[in-house]
Amino acid sequence: MSLIWLIGKRLLYAVALITAVLVLNFSLLHLAPGDPADVIAGEMGGATAELLAEIRALYGLDKPFLVQLGMYLQRAYQGDLGMSFYYNLPVVDLILQRLPATILLVFTALIFATVGGTVLGVLAARKPGGFTSSMVTLLSLVGYAAPIFWTGLMLIILFGVVIPFFPISGLYNVAKMATGLSWVVDIAHHLVLPSFTLGVVYLALYSRLTRASMLEVMQTDYVRTARAKGAHERTVYLRHALRNAILPVVTMAGLQFGSLISGAVLVETVFNWPGLGTLVFESVIARDYPTVLGVLFFSATLVIAANLVTDLVYRMIDPRIRLRD
Amino acid sequence: MAAVESTTRSPRARRPGADAWEIFRNSPTAMLGLVLILLISVLAIIGPLAYPVDPFEIIWAPMSAPGTTERALLGTDYLGRDILAGLLVGAKATLIVGLTAAALTVIIGLVIGALAGFYLGMIDEILMRVTEFFQVLPPLLFAMVLVTMLSPSLWVVAVSIGVVSWPSTARLTRSEFLRIRNLEYVTASRASGVRQGYIIWQVILPNALPPLIVSATLTIGTAILFEAGLSFLGLSDPNVMSWGLMIGSGREYLLDAWWIVTLPGVMIFLTVLGVSLVGDGLNDAFNPKLRRR
């Protein structure tokens, strides 16, 4: 099976999944109390029954469920997810405004967690029972048990009151009006606490995972062979062992992308980070269903894309599965 | 005959659970976890009876620090409500919703995973596609959508958490069923002509239980965190005190009154820590060979 065919198949499946999410979204919108006609009528300051019927006919709300679903899908594929009642803007525009901040936060946290976790795990595996190893165990217990939003709040107390070293709210300093490089530095400075909060949970998990799989891999025949042929200890660790030991981390990171986004919702709320998480929080409070469902759709699409990327990364690291499905 | 049997029985032949309990009992961390869970359960059950203060009632000056007044030992929140009363009453909602949600997660995951792993073919294909679909939706976001569209009651919160969390249990159950379904004793019971339902629930499931029990334990911890997250966001019943609600409503006063958000968070932390220590202990107890890690 050629790689292109395989990627094509995966893409087709991704489109099917995206369509399924859209169908779910539409069904939920349909079940939600009140319909767009009521909202439009509300904005006009009330309407008679005839006018409501007219609005429904205009937007196709009087058509059967499946016909409406078809129209919804067609519009969605053209990049139209409806209007936000609350912000009075197209949902897609609203989301695209907020998406970069979320992507910045999620990817910084992901890189911090995977790289940091791997390094810590390898160090811990060199001396099982040693200090680093115990720290990894402790960190993974604490990281799992502490609610992520609470960790964020505790960091705000620490860095907002005790050692005021990092900014505790927002994406950049509005008063500074920084531009160019200092703008980038300002954002990076604001990014430290939210991305640490979000990433440290996963860092704890990945370090434990890396340590466990390193310990397992170090006992395999090919590692013994590598040592027997006189390879440098560092080469054994990094080229022979780590490349195999890192596979579970890649799988896990891919599988957990959805929960990473979930965590981002909480972290953004805590740090007033202007991304999709705060958007969904605001629109949930305002009962702005099109926006809430729009964010659900975009996040699901991000997860689907992340799964595709994970698949490719996995293939790059492990040549054995390259030509298998 | 019975007398002969009892004398020839070797001292090692005990109930299968006995060895596991032996390992569990000798692990200090597992026992610490168990003690934590028991303590918190006792607090949740008898706490509100021993300390009958309404957590919604204003009893003292707002934002009194812990230890500054005898009226409220752990201080008051931004409205002057008793934090200690909140912690005790809040334990109940947090634990009940967490346990219910975890039970639902396990039941849905178990049934779907068992059916997929036992029947394979078309059924497996369909159920796994459904599972993959649910895995694409970020769990907290999906639960937020469900709670918003239904109503913010404890029952809805528990069901929503269950509905979004089951896929990993389903996958684990399926892989255990795939491993066990072709073992000899399963083939033997097939050959003996018993009903399929009997093979699934009475023959395969009991043998798949150890990893499923470990995963179910961890599911309780995750569900408690999930409930806390939703209440923190204000997406739970506002008339029922819970630890997440206390943190969510107190967070605006974070820099002036650290105890309002810190104390309920410590309770959540200790509860989930207890659950996960027990989970790790069970894992070691069921897999003695893997203990080194």
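Here are a few exercises, with worked solutions, on a predicted model with chains A and B.

**Exercise 1. Describe the make-up and overall dimensions of each chain.**

Let's start with chain A. It has 14 helices and 0 strands, so reading along the sequence you just meet one α after another, as the DSSP runs have it. Its C-alpha atoms fill a box of roughly 85 × 60 × 40 Å, taken along the principal axes.

Now do chain B. Here you find 12 helices and 0 strands, and the pattern along the sequence is again written with α alone: α-α-α-α-α-α-α-α-α-α-α-α. Along the principal axes, the box filled by the C-alpha atoms of chain B is roughly 75 × 50 × 35 Å.

**Exercise 2. Work out how α6(B) and α7(B) pack against each other.**

Step one is knowing what to look for: two packed helices are described by the angle between their axes and the distance between the axes.

Step two is to get those values. Helix α6 of chain B covers residues 139–149 and helix α7 of chain B covers residues 154–165. Their axes come within 9 Å and cross at roughly 140°. The crossing of α6(B) and α7(B) is right-handed.

Step three is to see who touches whom. From α6(B) come Pro139(B), Phe142(B), Ala143(B), Leu146(B) and Val147(B). They meet Val156(B), Val157(B), Ser160(B), Val163(B) and Val164(B) in α7(B). Sort the residues of this contact by class and you get 9 nonpolar, 1 polar and no charged.

**Exercise 3. Build up a picture of the contact between chain A and chain B.**

First, the head count: chain A puts in 49 residues and chain B puts in 42 residues.

Next, the area. About 4,100 Å² is buried between the two chains, and carbon and sulfur atoms give 79% of that. On the chain A side, Tyr144(A), Phe149(A) and Trp150(A) lose the most area to chain B, together 15% of what that side buries.

Then look for polar links. Between chain A and chain B there are 7 residue pairs in polar contact, counting pairs with both residues at pLDDT 80 or more. There is also 1 salt bridge between the chains. Which residues form it? Asp280(B) pairs with Arg208(A), with the closest N and O atoms 3.5 Å apart. That qualifies as a salt bridge because the cut-off is 4 Å.

Finally, ask which helices of chain A take part. Those supplying at least two residues each to the side that touches chain B include α1 (3–31), α8 (180–217) and α14 (289–317). The largest share, 9 residues, comes from α14(A). By class, the side of chain A that touches chain B has 40 nonpolar, 6 polar and 3 charged residues.

**Exercise 4. Find a salt bridge that links distant parts of the chain A sequence.**

Over all chains, the count comes to 12 salt bridges. Pick out the one between Asp311(A) and Arg10(A), where the closest N and O atoms are 1.9 Å apart. Asp311(A) lies in helix α14 of chain A and Arg10(A) in helix α1 of chain A, so this pair ties together parts that are 301 residues apart in sequence.

**Exercise 5. Locate two chain A residues with positive phi that are not glycine.**

Begin with Asn88(A): its phi is near 60°, a positive value in a residue other than glycine. Asn88(A) sits in the loop between α4 (65–77) and α5 (91–126) of chain A.

Move on to Arg287(A). Its phi is positive too, about 55°, although it is not a glycine. You'll find Arg287(A) in the loop between α13 and α14 of chain A.

Terms used: Residues numbered from 1 in each chain as written. Chains lettered and ligands numbered in written order. Predicted model: local features only at pLDDT ≥ 70, side-chain atom pairs only at ≥ 80, totals over all residues. Heavy atoms only, no water. Axes fitted to C-alpha atoms, helices over the stretch in contact; angles between N-to-C directions. Helix = DSSP H or I, 4+ residues; strand = E, 2+ residues; numbered from the N terminus. Left-handed = near helix turned anticlockwise from the far one by under 90°. Contact = heavy atoms within 4.5 Å. Nonpolar A, V, L, I, M, F, W, Y, C, P; charged D, E, K, R; others polar. Buried area = accessible area lost by both parts, 1.4 Å probe. Salt bridge = Lys/Arg side-chain N within 4 Å of Asp/Glu carboxyl O. Polar contact = N/O pair within 3.5 Å; in protein donor to acceptor, adjacent residues only side chain to side chain.
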